[in-house]
Amino acid sequence: MTELGIGIGWRPEIADAVEGLSGIDWVEVVAENICADHLPDSLTRLRERGVTVVPHGVSLGLGGADRPDPARLAALGEKAVALGAPLVTEHIAFVRAGGPLTATPQLEAGHLLPVPRTWDALDVLCENVRIAQDALPVPLALENIAALVSWPGEEMSEGRFLAELVERTGVRLLIDVANLHTNHVNRGEDPARALSELPVEAIAYVHVAGGVERDGVWHDTHAHPVPGAVLDVLADLASRVAPPGVLLERDDDFPPAEELADELRAIRRTVTAAGARSAAAAGRGAAHQHGAPSSRTASRATLLIGAGARVSGGPMPGVAPEAPEAPEPETAPAPGARQRVAVAQAALLSALVAGTPVPEGFDSRRLGVQSRALAAKRAGVVAKVAPELPEILGAGYRKAFLAYARSRPMTGGYRRDALDFAEHLLVAGRPEDPAARRRLTEWWQDRSGSRPPGRATRFVRAARHALVRK
């Protein structure tokens, strides 16, 4: 595997700071935020200095019921080639649901949602991963995500789910220790157990990020300093295996460059200290056993991970006794698996973004928290892709957008969402200030190429949204 070292997530808002940081071995860039034929100057300068750049995708939805979109795969591959990247990364998540498999309108989450840890969902995910691997020009690594909600009826732990995925596909792992901490707080899952169950030799690199706890729920914000609890999980991981790379993520409320540098130093110290303790413990164990390898070293030696490889060394530890036996790996999902996954994911996403009833077995309070979090993220991203909207609407932007989002699920991405929001306001005769309404009309017309819709069009669209809510 490629040795990456210590890195940071490159974002336009901190591009100058990232270029000025010392000791940066590599950076990661959100793939959807760049164009393969027009890379940001900052990334070009970093590459010329020998800094590795890895594209990190957020929209493939490999955990969704549909097969991966060839156009999205091609675009991700083109960016990897343009950046000279040694690998690309994505998430074990679904980001849209509905469509032909469920005969319902396709809805967009606008964020990463957890895949149910069932054999059906694993079968679908594995086939989607193999399709992606065949299409991409470089190796693929997949990230575990943070979750606010738990699926009812899950059939395996997170560690076992990841181990099965690696065994069947040979895919690499991007382990986010902040997400392991998030799932510990929100879902009661033990990070140490997850690390003990997954094949650590398959790790391509590690994410570290901050968050905040509100009312007993941990929000993986990427906008707060990295807490000690997350560094503790990083230390546990680094005591088990030397991670090829570790990366600090920050997506909002960017601090001064020196604070970023301090966090990077803390990450480096954590990894170095954990590795030193692990090596010392292994040395003491070897001396005690007169040269025999420690149990940890022996267990590492039996795990051979690579393209098409299977995990050897016996059954994974810590599997709940009630978990059913794993079916034999299939070259394709079991009959009906995609449709079953599609129906379940569409029901959950519809409850989150369209106000339909909460599916049986879910915690309605947690779904409410997740729904509000999705709407808040949606408002924030729309404000970034269309900064003129909060400028025109002023302090009323957020309240107006959240009211719109409660009845209008996203169906076509954030830029389409921004246009639909502006249209929604104009149809309602808002904003009330004539000058602001005129500016909003000009903004909307400049991007849509038409006039605000007439009465008949408004009626049809209202009926369409009513059907979506049903």
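**Exercise 1.** How many residues has helix 15, and what distance does the helix reach from its first C-alpha to its last?

*Solution.* The structure is a predicted model. Helix 15 covers residues 414-427, which gives 14 residues. The expected span at 1.5 Å a residue is 20 Å. From first to last C-alpha the helix reaches 20 Å, close to that expectation.

**Exercise 2.** Identify the buried residues of helix 15 and describe the backbone that comes after the helix.

*Solution.* Step one concerns burial. The buried positions of helix 15 are Tyr414, Asp417, Ala418, Leu419, Phe421, Ala422, Glu423, Leu425 and Leu426. Step two concerns the backbone. Gly429, just after helix 15, has a positive phi of about 75°. A cis peptide bond, with omega near 0°, joins Arg430 to Pro431. Pro431 belongs to the loop between helix 15 and helix 16 (434-448).

**Exercise 3.** Is Asp215 buried or exposed, and is His222 buried or exposed?

*Solution.* Begin with the location of each residue. Asp215 sits in the loop between strand 10 (212-214) and strand 11 (217-219), whereas His222 occupies the loop between strand 11 and helix 8 (228-240). Next, consider phi. Asp215 has a positive phi near 55° although it is not glycine; for His222, also a residue other than glycine, phi is positive and near 60°. Finally, apply the cut-offs for accessibility. The relative accessible area of Asp215 is 75%; exposed means over 50%, so Asp215 is exposed. The relative accessible area of His222 is 10%; buried means under 20%, so His222 is buried.

**Exercise 4.** Describe the cavities of 30 Å³ or more and the residues that line them.

*Solution.* The search of the whole structure yields two such cavities. The largest has a volume of about 140 Å³. Its lining includes Ile92, Pro114, Arg117, Glu158, Phe161 and Arg187. By class, the lining of this largest cavity comprises seven nonpolar, two polar and three charged residues. Helix 5 (158-169) and helix 6 (177-187) each contribute at least two lining residues, and helix 5 gives the most, with three.

The second largest cavity has a volume of about 40 Å³. Met1, Thr2, Leu4, Pro86, Leu87, Arg172 and Ala204 form its lining, which divides into five nonpolar, one polar and one charged residues.

**Exercise 5.** What is the mean pLDDT of the protein, and over which residues is the pLDDT below 50?

*Solution.* The mean pLDDT is 88, with 85% of residues at 70 or more. Residues 292-324 have pLDDT below 50; beyond near neighbours in sequence, this stretch makes 53 contacts in the model.

Definitions and conventions: Residues are numbered from 1 along each chain as its sequence is written. This is a predicted model: local features need pLDDT of at least 70, side-chain atom pairs count only at pLDDT 80 or more; totals for chains, interfaces and linings use all residues. Side-chain values use heavy atoms; hydrogens and water are left out. pLDDT is the predictor's confidence in each residue, from 0 to 100. Contact means heavy atoms within 4.5 Å. On a 1 Å grid over the protein atoms alone, a cavity is a set of points where a 1.4 Å probe fits but cannot get out, and a pocket is an open set with protein on both sides within 12 Å along at least five of seven lines; lining residues have an atom within 4 Å of a point. Grid points are joined across faces, edges and corners, and a volume is the space filled by probe spheres set on the points. Helices (H or I, at least four residues) and strands (E, at least two) are DSSP runs, numbered from the N terminus. Ala, Val, Leu, Ile, Met, Phe, Trp, Tyr, Cys and Pro count as nonpolar, Asp, Glu, Lys and Arg as charged, and the others, Gly among them, as polar. The expected span of a helix is 1.5 Å times one less than its number of residues. Buried means under 20% relative accessible area, exposed over 50%, partly exposed in between (1.4 Å probe, protein chains only).
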